[in-house]
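Got the viewer open? Load the model, set it to cartoon, and follow along stop by stop.

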Amino acid sequence: MTKYFIGFYLKLFFILFVAFSIHLLVLNYLKKPLFENRIILAYVLNFILAVTIYHSLFLLRKKYLDILGFVFMGGSLIKFFLFFLFFFPVYRKNGNIDLLEATSFLVPYLLCLIIEILYLSKLLNKAT
(Lines give C-alpha, C1' and ligand atoms only; values in the text may rest on other atoms or scores of the structure.)
Protein backbone atom coordinates (compact mmCIF):
# COMPACT_ATOMS: atom_id res chain seq x y z
CA MET A 1 0.00 0.00 0.00
CA THR A 2 2.62 2.54 0.99
CA LYS A 3 4.79 1.76 -2.05
CA TYR A 4 1.92 2.95 -4.29
CA PHE A 5 1.62 6.18 -2.32
CA ILE A 6 5.34 6.82 -2.19
CA GLY A 7 5.78 6.06 -5.89
CA PHE A 8 2.94 8.39 -6.81
CA TYR A 9 4.10 11.16 -4.49
CA LEU A 10 7.70 11.02 -5.66
CA LYS A 11 6.85 10.94 -9.35
CA LEU A 12 4.32 13.74 -8.96
CA PHE A 13 6.77 15.84 -6.94
CA PHE A 14 9.60 15.22 -9.40
CA ILE A 15 7.52 16.07 -12.47
CA LEU A 16 6.12 19.22 -10.83
CA PHE A 17 9.60 20.24 -9.65
CA VAL A 18 11.00 19.86 -13.16
CA ALA A 19 8.01 21.70 -14.66
CA PHE A 20 8.33 24.48 -12.08
CA SER A 21 12.04 24.84 -12.85
CA ILE A 22 11.40 24.98 -16.59
CA HIS A 23 8.53 27.41 -16.00
CA LEU A 24 10.87 29.73 -14.07
CA LEU A 25 13.59 29.41 -16.71
CA VAL A 26 11.13 30.42 -19.43
CA LEU A 27 9.89 33.36 -17.36
CA ASN A 28 13.48 34.41 -16.71
CA TYR A 29 14.34 34.10 -20.41
CA LEU A 30 11.34 36.26 -21.29
CA LYS A 31 12.41 38.76 -18.61
CA LYS A 32 9.10 38.39 -16.77
CA PRO A 33 8.65 38.42 -12.99
CA LEU A 34 9.35 34.93 -11.67
CA PHE A 35 7.10 34.64 -8.66
CA GLU A 36 4.06 36.67 -9.59
CA ASN A 37 0.62 35.36 -10.50
CA ARG A 38 0.58 33.04 -7.48
CA ILE A 39 2.77 30.53 -9.28
CA ILE A 40 4.08 28.91 -6.08
CA LEU A 41 0.57 28.60 -4.65
CA ALA A 42 -0.61 27.03 -7.92
CA TYR A 43 2.06 24.34 -7.87
CA VAL A 44 1.71 23.60 -4.16
CA LEU A 45 -2.10 23.57 -4.18
CA ASN A 46 -2.25 21.32 -7.23
CA PHE A 47 0.25 18.94 -5.66
CA ILE A 48 -1.72 18.76 -2.41
CA LEU A 49 -5.01 18.25 -4.23
CA ALA A 50 -3.58 15.58 -6.53
CA VAL A 51 -2.17 13.70 -3.55
CA THR A 52 -5.46 14.00 -1.66
CA ILE A 53 -7.53 12.85 -4.62
CA TYR A 54 -5.24 9.90 -5.36
CA HIS A 55 -5.14 8.91 -1.71
CA SER A 56 -8.95 9.03 -1.54
CA LEU A 57 -9.32 6.98 -4.70
CA PHE A 58 -6.82 4.43 -3.46
CA LEU A 59 -8.64 4.03 -0.15
CA LEU A 60 -12.04 3.75 -1.84
CA ARG A 61 -10.93 1.43 -4.66
CA LYS A 62 -12.19 -1.85 -3.16
CA LYS A 63 -15.44 -0.82 -1.57
CA TYR A 64 -16.58 1.76 -4.13
CA LEU A 65 -14.94 0.66 -7.37
CA ASP A 66 -18.04 1.45 -9.40
CA ILE A 67 -18.10 5.13 -8.38
CA LEU A 68 -14.39 5.97 -8.47
CA GLY A 69 -14.90 7.98 -11.66
CA PHE A 70 -17.42 10.17 -9.89
CA VAL A 71 -15.09 10.62 -6.93
CA PHE A 72 -12.36 11.66 -9.39
CA MET A 73 -14.71 14.15 -11.05
CA GLY A 74 -15.66 15.46 -7.59
CA GLY A 75 -11.97 16.08 -6.95
CA SER A 76 -11.75 18.01 -10.21
CA LEU A 77 -14.78 20.03 -9.13
CA ILE A 78 -12.99 20.91 -5.90
CA LYS A 79 -9.95 22.03 -7.93
CA PHE A 80 -12.16 24.33 -10.01
CA PHE A 81 -13.81 25.69 -6.88
CA LEU A 82 -10.42 26.49 -5.34
CA PHE A 83 -9.30 28.10 -8.60
CA PHE A 84 -12.29 30.43 -8.52
CA LEU A 85 -11.74 31.09 -4.83
CA PHE A 86 -7.97 31.74 -4.75
CA PHE A 87 -6.83 32.55 -8.29
CA PHE A 88 -9.62 33.95 -10.44
CA PRO A 89 -10.28 37.12 -8.39
CA VAL A 90 -6.57 38.00 -8.43
CA TYR A 91 -6.19 37.26 -12.13
CA ARG A 92 -9.27 39.33 -13.05
CA LYS A 93 -8.22 42.45 -11.12
CA ASN A 94 -6.97 44.14 -14.28
CA GLY A 95 -10.04 43.12 -16.28
CA ASN A 96 -8.56 40.20 -18.21
CA ILE A 97 -6.50 37.08 -17.67
CA ASP A 98 -3.23 37.25 -19.58
CA LEU A 99 -1.11 34.35 -20.79
CA LEU A 100 1.29 34.44 -17.83
CA GLU A 101 -1.57 34.25 -15.33
CA ALA A 102 -3.23 31.42 -17.23
CA THR A 103 -0.06 29.35 -17.53
CA SER A 104 0.77 29.89 -13.86
CA PHE A 105 -2.29 27.87 -12.95
CA LEU A 106 -2.86 25.66 -15.99
CA VAL A 107 0.61 24.12 -16.25
CA PRO A 108 0.57 22.49 -12.79
CA TYR A 109 -3.16 21.74 -13.08
CA LEU A 110 -2.79 19.87 -16.36
CA LEU A 111 0.33 18.01 -15.26
CA CYS A 112 -1.39 16.85 -12.08
CA LEU A 113 -4.50 15.89 -14.04
CA ILE A 114 -2.51 13.79 -16.49
CA ILE A 115 -0.58 12.04 -13.71
CA GLU A 116 -3.77 11.42 -11.73
CA ILE A 117 -5.47 9.91 -14.80
CA LEU A 118 -2.50 7.64 -15.52
CA TYR A 119 -2.36 6.40 -11.93
CA LEU A 120 -6.13 6.05 -11.71
CA SER A 121 -6.15 3.91 -14.84
CA LYS A 122 -3.41 1.70 -13.34
CA LEU A 123 -5.40 1.50 -10.11
CA LEU A 124 -8.58 0.51 -11.92
CA ASN A 125 -6.79 -2.06 -14.10
CA LYS A 126 -5.35 -3.73 -11.00
CA ALA A 127 -8.71 -3.70 -9.24
CA THR A 128 -10.57 -5.47 -12.04
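One definition before we start: buried means under 20% relative accessible area, exposed means over 50%, and partly exposed is anything in between (1.4 Å probe, protein chains only). This is a predicted model, where local features need pLDDT of at least 70 and side-chain atom pairs count only at pLDDT 80 or more, while totals for chains, interfaces and linings use all residues. Numbering runs from 1 along each chain as its sequence is written, and side-chain values use heavy atoms, with hydrogens and water left out.

**Whole chain.** Start zoomed out. You should find four helices and zero strands, in the order α-α-α-α along the sequence. Here helices (H or I, at least four residues) and strands (E, at least two) are DSSP runs, numbered from the N terminus. Along the principal axes, the C-alpha atoms fill a box of roughly 50 × 25 × 15 Å. Of the 128 residues, 33% are buried. Now switch on the surface: about 8100 Å² is exposed, with carbon and sulfur atoms supplying 74% of it (Shrake-Rupley method, 1.4 Å probe).

**α1 and α2.** Next, select residues 2-29 for α1 and residues 39-60 for α2. How are the two packed? Their angle is about 160 degrees and their axes are 11 Å apart; the axes are lines fitted to C-alpha atoms over the stretch in contact, and angles run from 0 to 180 degrees between N-to-C directions. The pair is therefore roughly antiparallel, the label for angles over 145 degrees. Show side chains and look between the helices: on the α1 side you'll see Tyr-4, Phe-8 and Leu-12 among others, and across from them α2 brings residues including Tyr-43, Phe-47 and Ala-50. Contact means heavy atoms within 4.5 Å. By class, this contact has 19 nonpolar, two polar and no charged residues (Ala, Val, Leu, Ile, Met, Phe, Trp, Tyr, Cys and Pro count as nonpolar, Asp, Glu, Lys and Arg as charged, and the others, Gly among them, as polar).

**Glu-116.** Jump to α4, residues 99-127, and pick Glu-116. Is Glu-116 buried or exposed? Its relative accessibility is 4%, so Glu-116 counts as buried. Beyond its neighbours within four places in sequence, Glu-116 is in contact with Phe-8, Ala-50, Ile-53, Phe-72 and Lys-79.

**Ile-117.** Last stop: Ile-117, also in α4. At 41% relative accessibility, Ile-117 counts as partly exposed. Draw a C-alpha to C-alpha distance to Phe-72: the two are 45 residues apart in sequence and 8.9 Å apart in space.

Definitions and conventions
Angles under 35 degrees count as roughly parallel, over 145 as roughly antiparallel, 65 to 115 as roughly perpendicular and the rest as oblique.
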